[in-house]
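Reader: I would like to go through this structure by question and answer. Please reason briefly and finish each reply on the item I asked for.

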Amino acid sequence: MELCEWHPVNLGLNFTDEDRATYPSETLPLFSPRAYDWEASNNLEPLNHYIKRILTIRERYLDVVLCGDAGSINVPYVSHPELFAVMRTTNNQSLLFVGNSNLTESRSGVLEFSVEHAPLVELISERPYTITNHRLEVSCAAGECLLFEIPSFS
């Protein structure tokens, strides 16, 4: 079985014909629209809490997440090359993702905004941040990702 899954994601080399009959490909998340069981995650902590948090955020911002409109995504400049940022905007609502592509070391950087000052809350950890003097300073642990709702500044 897959990590944190009660149902196979795909059938690998060790599965029998009986397994293949029990788990047809259309029921396997790797090959079909069937969802992973992120809701229960085999009741493993801390993954279960984290995934529930992500699902709540996804539900709240589903229109932004699913928006495929041309021009809805932009890639803001971040001062450190190992920090990656993407912002998606629709209907005056924006989400900013910042991720550390370095999996072994923490990285810090700055993003710039047109607004001089604005309080922000990182949606996953619920830590407060502030845009000060047009700058958002972020620090990400190795492989860490941050997600912000950016308020409309108009």
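Reader: Is Glu82 buried, partly exposed or exposed?
Author: This is a predicted model, and the class follows from the computed accessibility. Buried requires under 20% relative accessible area and exposed requires over 50%. Glu82 has 26% relative accessibility, so Glu82 counts as partly exposed.

Reader: Which residue forms a salt bridge with Glu82, with the closest N and O atoms 2.4 Å apart?
Author: A salt bridge needs a side-chain nitrogen of Lys or Arg within 4 Å of a carboxyl oxygen. The closest N and O atoms of this pair are 2.4 Å apart, and the partner of Glu82 is Arg107.

Reader: How many residues apart in sequence are Arg107 and Glu82?
Author: Arg107 belongs to strand S4 (residues 107–112). Glu82 sits in the loop between strand S1 (73–74) and S2. The pair thus links distant parts of the chain, and the separation is 25 residues.

Reader: Is Arg107 buried or exposed?
Author: The cut-off for a buried residue is under 20% relative accessible area. Arg107 has a relative accessible area of 17%, so Arg107 is buried.

Reader: Which residues are joined into one network by salt bridges that share partners?
Author: Arg107 and Glu82 already form one salt bridge. Salt bridges with shared partners join these two and one further residue, which gives a network of Glu82, Arg107 and Glu105.

Reader: How many salt bridges does a search of the whole structure find?
Author: Besides the pair of Arg107 and Glu82, Arg53 and Glu126 meet through their side chains at 3.0 Å, N to O. Arg127 and Glu144 meet in a salt bridge too, at 3.3 Å. For the whole structure, the number found is five.

Reader: Which parts of the chain does the pair of Arg53 and Glu126 tie together?
Author: The side chains of Arg53 and Glu126 meet in a salt bridge. The two residues are 73 residues apart in sequence, so the pair ties together helix H2 (residues 47–60) and the loop between S5 and S6.

Reader: Where is the positive phi in the hairpin of S5 and S6?
Author: S5 and S6 run antiparallel and are joined by five bridges. Val121 stands opposite Pro128 in S6. Six residues lie between the strands of this hairpin, and the residue with a positive phi, near 65°, is Glu126.

Reader: Is Glu126 buried or exposed?
Author: Glu126 lies in the loop between S5 and S6. Exposed means over 50% relative accessible area. Glu126 has 52% relative accessibility and therefore counts as exposed.

Reader: Which other residue has a positive phi, of about 60°, although it is not a glycine?
Author: The residue is found in the loop between strand S2 (83–90) and strand S3 (93–100). With 65% relative accessibility, this residue counts as exposed. The phi of about 60° belongs to Asn92.

Reader: Glu122 is buried yet has no salt bridge; how far away is the nearest side chain of opposite charge?
Author: Glu122 lies in the loop between strand S5 (117–121) and strand S6 (128–132). The nearest side chain of opposite charge is that of Arg127. A salt bridge must be within 4 Å, and for Glu122 and Arg127 the distance is 5.0 Å.

Reader: Which backbone nitrogen does the side chain of Glu122 reach?
Author: Beyond its neighbours within four places in sequence, Glu122 is in contact with Arg127, Tyr129, Cys145, Leu146, Leu147 and Phe148. At 2.7 Å, the side chain of Glu122 reaches the backbone nitrogen of Leu147.

Reader: Which residues form the covered face of S6?
Author: The uncovered face of S6 holds Pro128, Thr130 and Thr132. The covered face is formed by Tyr129 and Ile131.

Reader: How many residues are in the largest nonpolar core?
Author: In soluble globular proteins, nonpolar side chains tend to be buried together. Here S2, S3, S5, S6, S7 and S8 each supply at least two residues of the largest core. Leu96, Val98, Leu111, Phe113, Leu136, Val138 and Phe148 touch the most other members, in a core whose residues number 19.

Reader: How many residues make up the other core, which lies apart from the largest one?
Author: Its members include Ile57, Val64, Leu95 and Leu147. The residue count of this other core is six.

Terms used:
Residues numbered from 1 in each chain as written. Predicted model: local features only at pLDDT ≥ 70, side-chain atom pairs only at ≥ 80, totals over all residues. Heavy atoms only, no water. Helix = DSSP H or I, 4+ residues; strand = E, 2+ residues; numbered from the N terminus. Buried < 20%, exposed > 50% of the residue type's maximum accessible area, 1.4 Å probe, protein only. Lys, Arg positive; Asp, Glu negative; His and termini not counted. Polar contact = N/O pair within 3.5 Å; in protein donor to acceptor, adjacent residues only side chain to side chain. Contact = heavy atoms within 4.5 Å. Pairing = 2+ DSSP bridges. Core = buried A, V, L, I, M, F, W, Y, C linked by side-chain atoms within 4.5 Å.
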